[in-house]
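Dear colleague,

I am passing on the structure we spoke about, and I would be glad if you could look through it with the notes below beside you.

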Amino acid sequence: MHLESLYIQQFKNYESLQIQFAQGLNCFTGRNGAGKTNILDAIHYLSFTKSYFNSVDQFQAFLGGHYFVVESVCAQGNIQESIRIVFQKGIGKTLLVNGNDVPKFSAHIGAIPLVMIAPGDIALIQETAEERRKFIDQVISQFDKVYLNTLINYNKVLDQRNKLLKDFKLQGGFNRALLQTYNEQLVQTGNYIFTKRAAFIEKILPVFLSHYQWISGPDERVGISYESDLAKTPFDRLLDQTESADLDLMRTTRGVHRDDLIFTLAHNPMKKFGSQGQQKSFLIALKLAQFDFLSEVKGKKPLLLLDDIFEKLDQVRLSRLFAMMGEGKFGQVFLTDTQQERVKAMCASNAIEAKFFEIENGQLLR
Amino acid sequence: MNFPSSLIEDAVNELSKFPGIGKKSALRMVLFLLKQDIPMVTKMGESIIKLRKKIQFCERCHNVSDNRVCNICANPKRDPQIVCVVEDLRDVMAIENTHQFNGNYHVLGGLINPIQGIGPNQLKVDSLIERIKLFEIKEVILALSATMEGDTTAFYLSKKITPLGVSISAISRGIAVGGELEYADEITLGRSIANRIPYRN
Ligand SMILES: [Zn+2]
């Protein structure tokens, strides 16, 4: 699977841009702020129907304008598929696949599997559990539609239950049967999510470890463990136990919406005890494990987006990554950097053919 | 928007209260009305006033009705001991169009949705329970949308009804998943009522 072309209009700092991609490595070079990363983000839109960086569509429009278009032709074997995303202020976003309107965006997720390695990944280690939940959900959703729908339902039930708890406290009129109705739905969807997340972590862990060791050497003992309220106590009993606390705090205090992934280095938190280099290796190994996992379950190689990796990775890790590319591990790759020369040198020493695009102020130079 | 006439302005403001109708569409409607002759517009206006003033809701099933008890509830050929629970009038119309159902209805008036301020007390739930006892109802069919709110309402009703010893069934799903009942086509909807299955959550 690969993208043949990209057409963007009124998107971020591009008035309009048309590109023909190579099937292998595509490199976008230019100064900081030229708009290289925006091209990667347009590709991200094609896969996830939203931005990697900023979830508000309106802010993606050129000069605060009122619309934008992202369009591409995706090829798989002999089959070509056109994907078109249009955002219009006041109307919203539409997704067209081969000209047909796709009203439920969740139906499209996973059609173009994608893995992105970007400087912002550090948030996975540094920020709150929400970032890590977003990561697992995004990976699982790309191959499991039922998971994505269950997750959407869980969140809906959770919102309704929280509103109900608030109503009980502020307006009175406790209704046990109604609360139990929501409990049962929460348990049903929550258990499913828990099982899928646990199975996913178990499956991805050995792949992650082997990548980490290959990048960083065999000595360091890193780990990922899945932490959930549901691991020790069945969810239905948990909800019974916390009923009075929930009523008092007017929110659901236990459940898979509090799940976390614990990243460790020799049993200590990676966030506190990992060096910058160890954290970077950790993140790349995690993303490569994600890549392998998706390749296996989807039966096709995801698009790989590498944003600003020359700035963020040291020489050793960079060479490892390019060595993998040289061995043909990846499919279509999109990379950004400020200096074309060093990317060219790296490609040459790994016998990688690449197509180069020089970007300046939202325009493609020849 | 500035209007050359306060009469036009008033009419635009009133018409734009319709869901999905903005000021521009309302103005278009007003311009249409001005082109019609007076009797036609009078007839239109009177029918709206009459609709709102005279419409009644059936005291048994809460469906709209011209009388105190609606035509369906009053029909002696229909089985009053089988009750199909629906969200609103549109569902009654959709199911009636299938000609597959010979019982009575119970119109809830919405689905449980705390975020929108709709709880069991805002719906005709208590009257359903009373009706089951009073009319010795044998079977309750839950024909609610396959949405999270529809599921919640069905769950909740089943909790309330089960202790009464009535059999509960649901229209077979998988046909209109995620969709509203009124969008299901007549044949599949008819089939799903005929082949209803015992309710279990
Ligand atoms: Zn009636």
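What follows is a description of the two chains, their sheets and a few individual elements.

Please bear in mind that this is a predicted model, in which local features need pLDDT of at least 70 and side-chain atom pairs count only at pLDDT 80 or more, whereas totals for chains, interfaces and linings use all residues. Residues are numbered from 1 along each chain as its sequence is written, while chains are lettered from A and ligands numbered from 1 in the order in which they are written.

To begin with the chains as wholes, chain A has 12 helices and 15 strands, and chain B has 8 helices and 7 strands; here helices (H or I, at least four residues) and strands (E, at least two) are DSSP runs, numbered from the N terminus. Along the principal axes, the C-alpha atoms of chain A fill a box of roughly 70 × 55 × 35 Å, and those of chain B one of roughly 65 × 35 × 35 Å. The radius of gyration of chain A, taken over C-alpha atoms, is 22 Å, which agrees with the value near 21 Å for a compact globule of 366 residues, the rule being 2.2 Å times the number of residues to the power 0.38.

Buried residues make up 36% of the 366 residues in chain A and 29% of the 201 residues in chain B, where a residue is buried if 20 or more other C-beta atoms lie within 10 Å of its own, exposed if 12 or fewer, and partly exposed in between, with C-beta atoms placed from the backbone. Of the contacts in chain A with a separation of 6 or more, 74% are between residues 24 or more positions apart; in chain B, 55% of the contacts between residues at least 6 apart in sequence join residues at least 24 apart. Contact here means that the C-beta atoms of two residues, placed from the backbone, lie within 7 Å.

Turning to where the chains meet, 15 residues of chain A are in contact with 12 residues of chain B. On the chain A side, α4 (145-171) and α5 (176-216) each supply at least two residues, and the largest share, 8 residues, comes from α4(A). That side divides into 5 nonpolar, 5 polar and 5 charged residues, with Ala, Val, Leu, Ile, Met, Phe, Trp, Tyr, Cys and Pro counted as nonpolar, Asp, Glu, Lys and Arg as charged, and the others, Gly among them, as polar.

The largest nonpolar core, meaning a set of buried Ala, Val, Leu, Ile, Met, Phe, Trp, Tyr and Cys residues joined through C-beta atoms within 7 Å, has 123 residues, and those touching the most other members include A:I43, A:F282, B:V85 and B:L142. Helix α9 (residues 276-298) of chain A gives the most to this core, with 10 residues. Residues up to four places away in sequence aside, B:V85 touches B:H106, B:L108, B:L128, B:V140, B:I141, B:L142, B:A143 and B:L157.

Helix α1 (residues 36-48) of chain A has 12 of its 13 residues buried, so α1(A) is largely enclosed by the rest of the structure; A:I43 is one of these buried residues. The end C-alpha atoms of α1(A) are 19 Å apart, which agrees with the 18 Å that its 13 residues should span at 1.5 Å a residue, the expected span being 1.5 Å times one less than the number of residues. After α1(A) comes A:T49, with a positive phi near 60 degrees.

As for the sheets, strands pair if DSSP finds at least two bridges between them. In chain A, 3 strands form an open antiparallel sheet in the order β9-β10-β11, with β9 (222-227) and β11 (268-269) as the edge strands. β10 (residues 260-265) and β11(A) pair over 2 bridges, and A:T264 has A:P269 as its bridge partner. In chain B, an open sheet of 5 strands has the order β4-β3-β5-β6-β7, with mixed pairing. Its edges are β4 (103-107) and β7 (197-198), each with a single partner strand, so one side of each is left without a neighbour in the sheet. β6 (residues 167-170) of chain B runs antiparallel to β7(B), joined by 2 bridges, and B:S169 has B:P198 as its bridge partner.

Finally, A:K271 lies in helix α8 (residues 270-273) of chain A and, with 15 C-beta neighbours inside 10 Å, counts as partly exposed. Leaving aside neighbours within four places in sequence, A:K271 is in contact with A:I125 and A:Q126; the C-alpha atoms of A:K271 and A:I125 are separated by 5.7 Å, although the two residues are 146 apart along the chain.

With best wishes
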